[in-house]
Amino acid sequence: MSTFDLVISGGTVATAGGVTRCDVGITGGRIVALAERLTGGERTIDATHRLVLPGGIDAHCHLDQPRAKGLASGGAIMADGFETGSRSAAFGGTTTIIPFAVQHRGQSLRAAVADYHQRATGNSYLDYAFHMVVSDPTAAVLGQELPALVKAGYTSLKVYMTYEAMVLSDRQILDVLATARDLGALVMIHAENFECLTWLTERLEAAGKTEPKYHATSRPMAVEREATHRAITLAEIADVPILIVHVSGREAADEIRRAKARGLNIRAETCPQYLLLTEADLDLPDFEGAKCMCSPPPRDKASQAVLWQGLKDGLFDILSSDHAPYRFDAGGKKLHGMKASFRKVANGLPGLETRAPILFSEGVVAGRFDIERFVALNSANAAKIYGIYPRKGTIAVGADADIAIWDPEKKVVIRNADLHHNVDYTPFEGMTVQGWPITVLSRGDAICDGGVLHGVKGRGQFLECGPPEPVTPPKGGLAWT
Ligand code: DUC
Ligand code: ZN
Ligand code: ZN
């Protein structure tokens, strides 16, 4: 009888805490042994000259979301559900996804969560958790639904400071933050000033300035900076940690740095599009700029440098894709035609598969940070922040065998034709990256290997999340309770 179901031999194992040459023994979907040399595997993967890394966690992605009623861009169809989204993520070395269960106004939060379970069940190749989106914080949501849902393993939720159908007032955000504080849940905040960007949008439209490039003009850095500052202020008043999602540039990053220096418990995320794209990418001919339209929009080279610095020095905790999969066709970006105002174009771009390879190539290979920091940004920090560590996010005895075996030398030219999502473009077309995951295991099962899909659709399991880190005790500095 074999000692292990599988042994990964000869590779270099890296976690957020260190790098070591060792073999990994896997049985029953879990890591059961780490040693210089292991024998007795029913199967063996030779990982010589390879990096053996915890599978990535994409902690911010949108899958199978019906467009909220009332949005100008309403009606556009998400091209990826849990099947193609998780498949694509796996080919890029990601083994856990955390998309959103979105509450629409008038809907119960429980019903929203149940709806997204139906969308995921039987479809995902990978394990998944859910963040909730709270767009209607009624007394029932705050008083009954959230306590029950947090207990049931939904320990993070997102609120929006913009979007007609989602925006919450400051007072509502405070209500949500205070509830999260009581429950030990983590609130993620989309920080853009809705009134300012709406005012700018109306003026731009009145002047006939409606092409995709004006999307960026309508949401300048000041719109994000102000909202970031306000989000931090609200968190300070409520005395609760928050996580600011998809930080796009310098001024917002500066606000977060200042808040952290004051001892506030602010976590932050950025995304590859803000590291690689600029506002100029929205100004491509033939409506092509719409491919790079996301909110907040990409900024400039100076902001890119600030974000890279923040990834390196700990200002940012995670790098997520914000995968929002709209095709460049009449069901997606072109739903209202190529002459439509930027206001009507669905926001977002795809990135589940390219996220980790871009971070590895531009981060580790380019010498911006080491492999431990890569693992922290790619998986370990997300696992801790969202309460699934150490089951996910590390290579340790007892952890799930969610492992990506990377060839650190392999050079890949990113081509949409080679990706596994259902979107008909990638904003990173033609970019060369070095380093790519060759074999990706989820709980010991090979999901993909050498470019071939082996995983079984629907095998992915829902993950109940525990309490998020950081759960630093409330400071009690602001007396309001
Ligand atoms: N912005 C969001 O807030 N969500 C999805 C896509 C986007 O661009
Ligand atoms: Zn957002
Ligand atoms: Zn998003």
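Two strands are taken to pair if DSSP finds at least two bridges between them. Helices (H or I, at least four residues) and strands (E, at least two) are DSSP runs, numbered from the N terminus. With that in hand, let us walk through the structure above.

This is a predicted model, in which local features need pLDDT of at least 70 and side-chain atom pairs count only at pLDDT 80 or more, while totals for chains, interfaces and linings use all residues. Residues are numbered from 1 along each chain as its sequence is written, chains are lettered from A and ligands numbered from 1 in the order in which they are written, and side-chain values use heavy atoms, with hydrogens and water left out.

## The chain as a whole

The secondary structure comes to 12 helices and 20 strands. The radius of gyration of the chain is 21 Å, close to the 23 Å that the globule rule gives for 481 residues, so the chain is as compact as a globular protein of that length. Here the radius is taken over C-alpha atoms, and the globule rule is 2.2 Å times the number of residues to the power 0.38. Along its principal axes, the C-alpha trace spans about 70 × 55 × 40 Å.

Of the 481 residues, 60% count as buried. Buried means under 20% relative accessible area, exposed over 50%, and partly exposed in between (1.4 Å probe, protein chains only). The chain exposes about 17400 Å², and carbon and sulfur atoms supply 50% of that area. These areas come from the Shrake-Rupley method with a 1.4 Å probe; for residues, only the protein chains shown count as cover. Among contacts with a separation of 6 or more, residues 24 or more positions apart account for 78%, where contact means heavy atoms within 4.5 Å.

## Strands and sheets

Strand β9 (residues 94-102) is a good place to start: 9 of its 9 residues are buried. Its pairings with β8, β10 and β11 are laid out below.

| Strand pair | Sense | Bridges | Opposite residues |
|---|---|---|---|
| β8 and β9 | parallel | 4 bridges | Cys61 and Pro99 |
| β9 and β10 (residues 127-128) | parallel | 2 bridges | Ile97 and Tyr128 |
| β9 and β11 (residues 131-133) | parallel | 3 bridges | Phe100 and His131 |

Elsewhere, an open sheet of 7 strands runs in the order β3-β2-β7-β17-β18-β19-β20, with mixed pairing. Its edge strands, β3 (18-21) and β20 (452-453), each pair on one side only. Within this sheet, strand β7 (residues 51-54) and strand β17 (residues 403-413) run antiparallel and are joined by 4 bridges; Leu53 stands opposite Ala404 in β17.

Strands β4 (residues 23-27) and β5 (residues 30-35) also pair in the antiparallel sense, over 5 bridges, and Val24 has Leu34 in β5 as its bridge partner. The two strands form a hairpin with 2 residues between them, and Gly28 in the turn has a positive phi of about 60°.

## The two zinc ions

The zinc ion (ligand 3) is coordinated by His60 (NE2), His62 (NE2) and Asp322 (OD), at 2.0 to 2.1 Å. Donors are N, O and S atoms within 2.8 Å of the metal (3.2 Å for Na, K and Ca); water is not among the atoms, so sites may look incomplete. In sequence, the donor residues are spaced H-x1-H-x259-D. Distant parts of the chain are linked here: His60 lies in strand β8 (residues 56-61), whereas Asp322 lies in the loop between β16 (318-319) and α11 (355-365), 262 residues apart. Both His60 and Asp322 are buried.

The zinc ion (ligand 2) is 3.7 Å from the zinc ion (ligand 3). Lys158 (NZ), His190 (ND1) and His246 (NE2) coordinate the zinc ion (ligand 2), at 2.1 to 2.2 Å, and these donors follow the spacing K-x31-H-x55-H. Lys158 is in strand β12 (residues 156-160) and His190 in strand β13 (residues 186-190), so the pair ties together parts that are 32 residues apart in sequence. Lys158 and His190 are both buried.

## A buried arginine

Helix α7 (residues 221-238) holds Arg230. This arginine is buried, with a relative accessible area of 19%. Leaving aside neighbours within four places in sequence, Arg230 is in contact with Met161, Asp170 and Asn193.
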